[in-house]
Amino acid sequence: VGAALNRSLAALGDDFLERTRGAAGERPARAAKADMLQFPGERPDDWEALLAEARAAYPPRAGPRRSKHKRREARRFKIIRRQHYVAKQQKKAAHFRAMEKRSQLAEARRGWDGPRLPHP
């Protein structure tokens, strides 16, 4: 690679740096002209063949990619389980409130809180 690089730099000529810097009083040039570049932007005539060759160089894809789908699914199921847990807690709280109200109504209806039986 080094020899090819040296040949390419040698092909640019000895005054390459002076041409890119500009005159003594001027500011340095910001970019070299296209004809002075080391690798000129050559465009091949047959782009389709070049692209087909590039595509052939890539290995085939190794299986499906479903990691994002699995992550989204896991997040969704976790949210659903949390919602079910909250709904269950709300149902339990509503049941306890109803039973407490029923006990208070029964006690008010009886006029007393029931017999004092010994606790076994």
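From the N terminus on, the elements of the protein chain run α-α-α-α. This is a predicted model, and the protein chain holds four helices and zero strands.

Burial comes next. Of the 120 residues in the protein chain, buried ones make up 4%. The area that the protein chain exposes is about 11900 Å², and carbon and sulfur atoms supply 56% of it.

Helix H3 covers residues 47-57, and tryptophan 47 has its place there. The relative accessibility of tryptophan 47 is 39%, so this residue counts as partly exposed, because that class lies between the 20% limit for buried and the 50% limit for exposed. Together with Leu50 and Leu51, Trp47 makes a nonpolar surface patch of about 270 Å².

Helix H4 takes in residues 67-110, which is 44 residues. From its first C-alpha to its last, helix H4 reaches 64 Å, close to the 64 Å expected at 1.5 Å a residue. Just after H4 comes glycine 111, which takes a positive phi of about 85°.

Charge on the surface is the remaining topic. A patch of positive charge gathers Lys68, Arg71, Arg72 and Arg75 on the surface. One of these residues, arginine 72, lies in helix H4. Arginine 72 has a relative accessibility of 47% and therefore counts as partly exposed. Membership of a patch requires over 30% relative accessible area and no salt bridge; the 47% of arginine 72 and the 39% of tryptophan 47 can be read against that cut-off.

Methods
Residues are numbered from 1 along each chain as its sequence is written. This is a predicted model: local features need pLDDT of at least 70, side-chain atom pairs count only at pLDDT 80 or more; totals for chains, interfaces and linings use all residues. Side-chain values use heavy atoms; hydrogens and water are left out. Patches are made of residues with over 30% relative accessible area and no salt bridge: like charges are joined within 9 Å, nonpolar side chains (Val, Leu, Ile, Met, Phe, Trp, Tyr) within 5 Å. Accessible areas come from the Shrake-Rupley method with a 1.4 Å probe; for residues, only the protein chains shown count as cover. A salt bridge is a side-chain nitrogen of Lys or Arg within 4 Å of a carboxyl oxygen of Asp or Glu. Helices (H or I, at least four residues) and strands (E, at least two) are DSSP runs, numbered from the N terminus. Buried means under 20% relative accessible area, exposed over 50%, partly exposed in between (1.4 Å probe, protein chains only). The expected span of a helix is 1.5 Å times one less than its number of residues. Lys and Arg count as positive and Asp and Glu as negative; His and the chain ends are not counted. The place of a charge is taken as NZ of Lys, CZ of Arg, CG of Asp or CD of Glu.
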